[in-house]
Amino acid sequence: MPELPEVETTVRGLVPVLEGRRIVSAEARRADLRWAFPPDLRQRLTGARVTGLGRRAKYGLIETDRGDTLIFHLGMSGKWRVDPQEIGAHDHFIIETEEGRRVALNDPRRFGSLDLVKTEEVALYKPFVAMGPEPLSDAFSAGHVAAALKGRSAPIKALLLDQRIVAGLGNIYVCESLHMAGIAPTRAGGRIARQRLELLVEAIKTVLAAAIEAGGSSLRDYVRPDGELGYFSRQWRVYGKEGKPCHCGLPIRRRVDGGRSTFHCPSCQR
């Protein structure tokens with residue numbers, strides 16, 4: 001599933017094509033993805049000008065001058081294709097601008113979503129209401145994490161995947177951040193010292209920034225809007241490296257927690 005860096009990379013790739021442009025066509029080629037498209041999607045977008053693009057957690061935001069924001073989620077296999085030469089069977093929603101540029105939301109598995117809400121009500125969008133701070137924001141600090149984890153006995157990895165504690169973190173980047181911070185994924189969140197939480201917050205910000213700079217991690221269906229692959233997978237410390245040596249020389253291990261693979265080094269992470 002595309003995580004925060006992949007969605008951020010996607011949004012940045014759409015900016016030069018959509019920002020400031022007027023939409024002359026918004027075509028839904030089916031009635032739904034994970035759930036139904038808004039019935040008035042075409043009418044509200046056609047003729048609107050895109051005034052800005054952004055991201056909240058793993059969701060992309062496309063704002064228009066009509067006071068509406070298109071909110072998209074890429075699901076398991078979604079991606080936006082810029083100026084596709086041909087429209088394929090899995091291109092389910094297409095936007096065309098007055099310059100003749102096109103972007104197509106391609107989603108073979110159809111686990112993604114599209115919603116259109118009033119811009120002033122974006123913070124009230126149901127998935128956003130209980131979300132924690134963005135991990136790259138100043139609001140995400142060791143103090144915030146310490147308060148959120150106080151008294152919690154659940155493993156730190158599971159807590160970092162809780163969107164109520166921090167928004168947008170996913171499996172790959174939690175594994176990478178915990179390894180960088182030297183914290184075992186199974187350690188009880190409420191028993192991690194403040195000094196180590198400071199290292200963890202710093203590691204999360206460092207890993208995410210590096211992943212965004214590299215264009216994200218290409219897994220299965222994900223590619224950037226320009227069709228290029230994301231190259232952060234070349235920098236992975238532990239993810240997907242079961243049995244390979246950690247920088248300490250000992251083999252990286254994999255365990256399954258809640259249906260997700262957790263990669264870690266039992267020597268470096270305590």
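The buried residues of α5 (residues 171-181) pack against α1, α4 (156-160), α6 and β10 (260-264), where helices (H or I, at least four residues) and strands (E, at least two) are DSSP runs numbered from the N terminus, and buried means under 20% relative accessible area, exposed over 50% and partly exposed in between, with a 1.4 Å probe and protein chains only. The model is predicted, so that local features need pLDDT of at least 70 and side-chain atom pairs count only at pLDDT 80 or more, whereas totals for chains, interfaces and linings use all residues. Residues are numbered from 1 along each chain as its sequence is written, and side-chain values use heavy atoms, with hydrogens and water left out. Ten of the eleven residues of α5 are buried, so this helix is largely enclosed by the rest of the structure; the buried set consists of Asn-171, Ile-172, Tyr-173, Val-174, Cys-175, Glu-176, Ser-177, Leu-178, His-179 and Ala-181. Gly-182, which follows α5, has a positive phi near 70°.

Two helix pairs involving α6 (194-213) were examined. The axes of α5 and α6 come within 8 Å and cross at roughly 130°, axes being lines fitted to C-alpha atoms, for helices over the stretch in contact, with angles running from 0 to 180 degrees between N-to-C directions. The two helices α5 and α6 are therefore oblique to each other, given that angles under 35 degrees count as roughly parallel, over 145 as roughly antiparallel, 65 to 115 as roughly perpendicular and the rest as oblique. The crossing of α5 past α6 is right-handed, the term used if the near helix is turned clockwise from the far one by less than a right angle, with left-handed denoting an anticlockwise turn. On the α5 side the contact (heavy atoms within 4.5 Å) is made by Tyr-173, Glu-176, Ser-177, Leu-178, Met-180 and Ala-181, and the residues contributed by α6 include Arg-196, Leu-199, Leu-200, Ala-203 and Leu-208.

Helix α1 (residues 4-18) also packs against α6, at an angle of about 40° and with the axes 9 Å apart, which makes α1 oblique to α6. This crossing, too, is right-handed, and the contact is formed by Leu-4, Pro-5, Glu-8, Thr-9 and Arg-12 of α1 together with Leu-208, Ala-211 and Ile-212 of α6. In addition, α1 lies across β5, β6 and β7, running at about 30° to β5.

The strands β5, β6 and β7 belong to an open sheet of four strands, ordered β1-β6-β7-β5 with antiparallel pairing, two strands being taken as paired if DSSP finds at least two bridges between them. The edge positions are held by β1 (23-28) and β5 (79-82), each of which pairs on one side only, and the twist from one strand to the next averages 15°. Within this sheet, β6 (residues 91-97) and β7 (residues 102-106) run antiparallel and are joined by five bridges, with Phe-93 standing opposite Leu-105 in β7.

Further antiparallel pairing links β2 (residues 50-56) to β3 through six bridges, one register point being Arg-55, whose bridge partner in β3 is Gly-60. The hairpin of β2 and β3 has two residues between the strands, and Ala-57 takes a positive phi near 55° there. Strand β3 (residues 59-64) is mostly covered, with five of its six residues buried. It pairs in turn with β4 (residues 68-73), in the antiparallel sense and over five bridges, and Ile-62 has Leu-70 of β4 as its bridge partner. In the hairpin of β3 and β4, which has three residues between the strands, a positive phi near 80° is found at Gly-67.

Two individual residues were considered in more detail. Arg-56, located in β2, is buried, with a relative accessible area of 19%. A polar atom of the Arg-56 side chain lies 3.0 Å from the backbone oxygen of Gly-132. Leaving aside neighbours within four places in sequence, Arg-56 is in contact with Leu-61, Phe-128, Met-131, Gly-132, Pro-133, Glu-134 and Ala-167. Gly-189, placed in the loop between α5 and α6, is likewise buried, with a relative accessible area of 2%. With the same exclusion of sequence neighbours, its contacts are Leu-149, Arg-152, Ala-154, Pro-155, Ile-156 and Leu-159. Gly-189 and Arg-254, which are 65 residues apart in sequence, are separated by 20 Å in space, C-alpha to C-alpha.

Terms used:
Polar contact = N/O pair within 3.5 Å; in protein donor to acceptor, adjacent residues only side chain to side chain.
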